[in-house]
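Reader: I am new to looking at protein models. Could you walk me through how to read one, feature by feature?

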Amino acid sequence: MKKIVLLICLIYLTGCGGDGDPRYQQVPSTQTPPPPQPMPPVIQLNTTGLSFASTSCGSNPASQTVEIANGGEGTLTWTAANLPSWLMLTPPSGTAPITVTAQIDTNGLSCGQTLSQTINIEASGASNTPMALIVTLSIPSPPPPPPPVPAIVTDKLKVSFTAATCGGTATSGSPSFTISSDGNGSFSWSGATAQSWIQFAPPNGTDGATVTVADIDTSNLPCGTTSSGTITITSAEAGNSPQSVTVEVIVPSAATINPSTASLGFFAPSCKVSPDPQQFMIQNDGETPLGWSAAVTYNGASGWLSLDISSGIVAAQGTSGNITVTVDASTLACGQGYSATLTLTAISGGSTASPIAPKPIHVGFSHSRSWEHQNPQPVGSRLGGVSFSEPGIAWAVGNAGMILRSVDD
């Protein structure tokens, strides 16, 4: 029975909707379908995070960039929100596509920390607004302070010496100085000088040592000046190496030989009769006592000239007593002129660097027959000096323009 009913239904269904039955024919629609809806803007970032690391405490790391694009349709106008004070975006807002530069300012931030901030990229109408951009910043801790380094400390910057005489030995009332540390540790040191006249001991040691500068030989130092040099203290452990101490030496000026006359003229009143002695003095304008000696050099006959004092000492800036020069005419031929040079030489009062030049005094002697009056005549004035134009020919001058010339008979 069930099979008969199923067969009838199938026959019925086969006839439904047939082409010949208008009840089952479709009628075309007369309505316009709605237009498709546009896609919203979509925020696209080329990265979801930026990581910055300062190379040192207080330094700013290099800038980085973020690309913002529109993965949808329409216009994507965006802005950045939730920016920390240490992050700057350039520009902070705009229209995609765009390249944004991120810069870090570590000013005011503590060292030794890591900061993290989520930046929101917001765009009105975007399907995925806001989009997160995570920015991290690492600032290293400051390096540990270096261990303390000792420093060279000297209790004096200068040691002074004074010589009593030119070329003498210079001494100091306080010739020593101490080398010590500033308290940040001990050190070893060595000393050196470029001046050979500076001698000191010890030449090396450790902090706490006392260095003594020896008395100074000034024979090779210029007199009348202050000379200076340095002792240089060097240490590999000290942070302020090298340090120097000045050595100063004051040397007085050399003595001078300044005779009161440059020439002496003697005139015998008659043959074999000796003239009166004459005198001169030596002036010392230096700051050192002058030790002097005299020597006679003859031009021709010798032995007729003598001094009562042939050597002596003249005080610094002082004057000697009278030195008497005597002529003995008893052995000299009459009617001739004689000449000699009296040379004054310093035997002390100078130095190798500041020698004292000798000074000559020219001495002439003649008998009355050996002179001719040149001007005026007759003789009536005192003689003042004698000079020689050639051996045996002397010229004497005196007051009131008087001139005498020796005659070689």
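Author: We will go through the overall make-up, then a salt bridge, a cavity, a loop glycine and some backbone details. Keep in mind that this is a predicted model.

Reader: Let's begin with the big picture. How many helices and strands does the protein have?

Author: Start by listing the secondary structure elements. Here there are 34 strands and one helix. The protein has 409 residues, and 33% of them count as buried. Its exposed surface is about 22,300 Å², with 54% of that supplied by carbon and sulfur atoms.

Reader: What share of the contacts comes from residues 24 or more positions apart?

Author: For this one, look at contacts with a separation of 6 or more. Residues 24 or more positions apart account for 65% of those in this protein.

Reader: Now salt bridges. How many does a search of the whole structure find, and which side chains meet?

Author: The general idea is a side-chain nitrogen of Lys or Arg within 4 Å of a carboxyl oxygen of Asp or Glu. The search of the whole structure finds one. It is formed by the side chains of Lys-158 and Glu-248, at 3.6 Å from N to O. This pair links distant parts of the chain: Lys-158 belongs to strand E11 (residues 158-163) and Glu-248 to strand E20 (residues 243-250), 90 residues apart.

Reader: Are these two partners buried or partly exposed?

Author: Compare the relative accessible area with the cut-offs: under 20% is buried, over 50% is exposed, and partly exposed is in between. Glu-248 is buried, because its value is 17%. Lys-158, at 43%, is partly exposed.

Reader: What about empty space inside? How many cavities of 30 Å³ or more are there?

Author: The count comes to two cavities of 30 Å³ or more. Let's take the second largest, which holds about 30 Å³ of space. To read a cavity, ask which residues line it. Here they are Val-66, Ile-68, Leu-89, Val-100, Ile-121 and Leu-133. By class, that lining has six nonpolar residues, with no polar and no charged ones.

Reader: Let's try a loop residue. Where is Gly-224, and what is it in contact with?

Author: Place the residue between its flanking elements, then look for partners further along the chain. Gly-224 sits in the loop between strand E18 (216-217) and strand E19 (226-234). Beyond its neighbours within four places in sequence, Gly-224 is in contact with Val-251, Pro-252 and Ser-253. Its C-alpha atom is 8.9 Å from that of Ser-354, although the two residues are 130 apart along the chain. With a relative accessibility of 44%, Gly-224 counts as partly exposed.

Reader: Which peptide bonds are described as cis?

Author: Look at the omega angle. The bond from Thr-129 to Pro-130 is cis, with omega near -10°. Another cis bond joins Ala-201 and Pro-202, where omega is about -5°. Pro-130 is in the loop between strand E8 (113-123) and strand E9 (131-139), while Pro-202 is in the loop between strand E15 (200-201) and strand E16 (204-206).

Reader: And phi? What is the value for Asn-82, and what is the value for Lys-272?

Author: Here, check the sign and the residue type. Asn-82 has a phi near 70°, a positive value in a residue other than glycine. Lys-272 is not a glycine either, and its phi is positive at about 70°. Asn-82 lies in the loop between strand E4 (77-81) and strand E5 (87-90). Lys-272 is found in the loop between strand E22 (263-268) and strand E23 (278-280). Asn-82 is partly exposed at 43%, and Lys-272 is partly exposed at 41%.

Terms used:
Residues are numbered from 1 along each chain as its sequence is written. This is a predicted model: local features need pLDDT of at least 70, side-chain atom pairs count only at pLDDT 80 or more; totals for chains, interfaces and linings use all residues. Side-chain values use heavy atoms; hydrogens and water are left out. Helices (H or I, at least four residues) and strands (E, at least two) are DSSP runs, numbered from the N terminus. Buried means under 20% relative accessible area, exposed over 50%, partly exposed in between (1.4 Å probe, protein chains only). Contact means heavy atoms within 4.5 Å. Accessible areas come from the Shrake-Rupley method with a 1.4 Å probe; for residues, only the protein chains shown count as cover. On a 1 Å grid over the protein atoms alone, a cavity is a set of points where a 1.4 Å probe fits but cannot get out, and a pocket is an open set with protein on both sides within 12 Å along at least five of seven lines; lining residues have an atom within 4 Å of a point. Grid points are joined across faces, edges and corners, and a volume is the space filled by probe spheres set on the points. Ala, Val, Leu, Ile, Met, Phe, Trp, Tyr, Cys and Pro count as nonpolar, Asp, Glu, Lys and Arg as charged, and the others, Gly among them, as polar.
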